[in-house]
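Please open the structure in the viewer and keep the selection tool at hand. The tour below proceeds stop by stop, stating at each one what to select and what is found there.

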Amino acid sequence: MDAEHWDRFGALHTRVEQELAKALQQHHSIGLSEYRALARLAEADDGELRMQELADLIGLNQSSVSRLASRLESSGLTRRDLCPKDRRGVYSVITDEGRDVQQKARPTYDSALRAALDAAAEDGHLGPLVEVLRA
């Protein structure tokens, strides 16, 4: 892969992320990072992940995921729990309300993703990349 292809990939990523974020905020009043955190927690065993695992899964650093977790907790979508084996370890745990929000937002996420990729497929520079991603 050369720089031109990498730049196109970056442009596609940015375009799709913007559309996902806009749709989630508009229809569910949550940000893209909040949705991704809830989705990863909903998929996790017992609905919980160590904070560092969550950070790795959604591509945030420790400081950013800590702020994100605080926002989710303040909204009642998650709670914190201490690791029983290592009292220093902190888990983020999805609540029933968090599961409900994530489940209601999932169709919006999927629809916005399809629409953003469909629009990008019409772009002469991005279309071939979208085709490869969809193969």
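**The whole chain**

Begin with the complete chain in a cartoon display. Read from the N terminus, its elements follow the order α-α-β-α-α-β-β-α-α, which amounts to 6 helices and 3 strands. The model is a predicted one. Its C-alpha trace extends over about 55 × 35 × 25 Å along the principal axes.

Next, display the surface. The accessible surface amounts to about 8200 Å², and carbon and sulfur atoms account for 48% of it. Of the 135 residues, 37% count as buried. If one considers contacts between residues at least 6 apart in sequence, 52% of them link residues at least 24 apart.

**First stop: the sheet**

Select residues 48-50, which form strand 1, then residues 78-82, strand 2, and residues 90-94, strand 3. In what order do the 3 strands lie in the sheet? The order is 1-3-2, in an open sheet with antiparallel pairing. Strand 1 and strand 2 are the edge strands, each pairing on one side only. On average, neighbouring strands of this sheet are turned by 30° against each other, direction ignored. As a general matter, the strands of a sheet pair through backbone hydrogen bonds, in either a parallel or an antiparallel manner.

Now examine the two pairings in turn. Strand 1 is joined to strand 3 by 3 bridges, and the two run antiparallel. Select Leu 49 and Ser 92 together: Ser 92 is the bridge partner of Leu 49 in strand 3. Then select Arg 50, whose bridge partner in strand 3 is Tyr 91. On the other pairing, 5 bridges connect strand 2 with strand 3, again in antiparallel fashion. Here Arg 79 may be selected with Val 93, its bridge partner in strand 3.

Keep strand 3 selected. How many of its 5 residues are buried? The number is 4, so strand 3 is largely enclosed by the rest of the structure.

**Second stop: the end of strand 3**

Move on to Thr 95, in the loop between strand 3 and helix 5 (96-121). Is Thr 95 buried or exposed? Thr 95 counts as buried because its relative accessibility is 19%, the cut-off for this class being under 20%. Add Gly 76, Leu 77, Thr 78 and Arg 79 to the selection; Thr 95 touches these residues, leaving aside those up to four places away in sequence. Arg 79 has already appeared on this tour as the bridge partner of Val 93.

**Third stop: helix 2 and its neighbours**

Select helix 2, residues 32-43. Helix 2 lies across strand 1, strand 2 and strand 3, and its direction makes an angle of about 90° with strand 3.

Add helix 1, residues 3-28. Two packed helices are described by the angle between their axes and the distance between the axes. For helix 1 and helix 2 the angle is about 85° and the axes are 8 Å apart. Helix 1 is therefore roughly perpendicular to helix 2. To view their contact, select Glu 17, Leu 20, Ala 21 and Leu 24 of helix 1 with Leu 32, Tyr 35 and Arg 36 of helix 2. These residues comprise 5 nonpolar and 2 charged ones, with no polar ones.

**Fourth stop: the loops on either side of helix 2**

Most residues other than glycine have a negative phi. Two residues in this region call for a closer look on that account.

Select Ser 29, in the loop between helix 1 and helix 2. Its phi is positive, near 55°. Ser 29 counts as exposed, at 57% relative accessibility.

Then select Asp 46, in the loop between helix 2 and strand 1. Asp 46 is not a glycine, yet it has a positive phi of about 60°. Asp 46 is also exposed, with 68% relative accessible area.

**Last stop: helix 3 and helix 4**

Finally, select residues 51-58, helix 3, and residues 62-74, helix 4; the two pack at an angle of about 105°, and their axes are 9 Å apart. They are therefore roughly perpendicular to each other. On the side of helix 3, the contact is made by Met 51, Gln 52, Leu 54, Ala 55 and Ile 58. Helix 4 contributes Gln 62, Val 65, Ser 66, Leu 68 and Ala 69. In this contact 7 residues are nonpolar, 3 are polar and none is charged.

Technical notes:
Residues are numbered from 1 along each chain as its sequence is written. This is a predicted model: local features need pLDDT of at least 70, side-chain atom pairs count only at pLDDT 80 or more; totals for chains, interfaces and linings use all residues. Side-chain values use heavy atoms; hydrogens and water are left out. Axes are lines fitted to C-alpha atoms, for helices over the stretch in contact, and angles run from 0 to 180 degrees between N-to-C directions. Angles under 35 degrees count as roughly parallel, over 145 as roughly antiparallel, 65 to 115 as roughly perpendicular and the rest as oblique. Contact means heavy atoms within 4.5 Å. Ala, Val, Leu, Ile, Met, Phe, Trp, Tyr, Cys and Pro count as nonpolar, Asp, Glu, Lys and Arg as charged, and the others, Gly among them, as polar. Buried means under 20% relative accessible area, exposed over 50%, partly exposed in between (1.4 Å probe, protein chains only). Two strands pair if DSSP finds at least two bridges between them. Accessible areas come from the Shrake-Rupley method with a 1.4 Å probe; for residues, only the protein chains shown count as cover.
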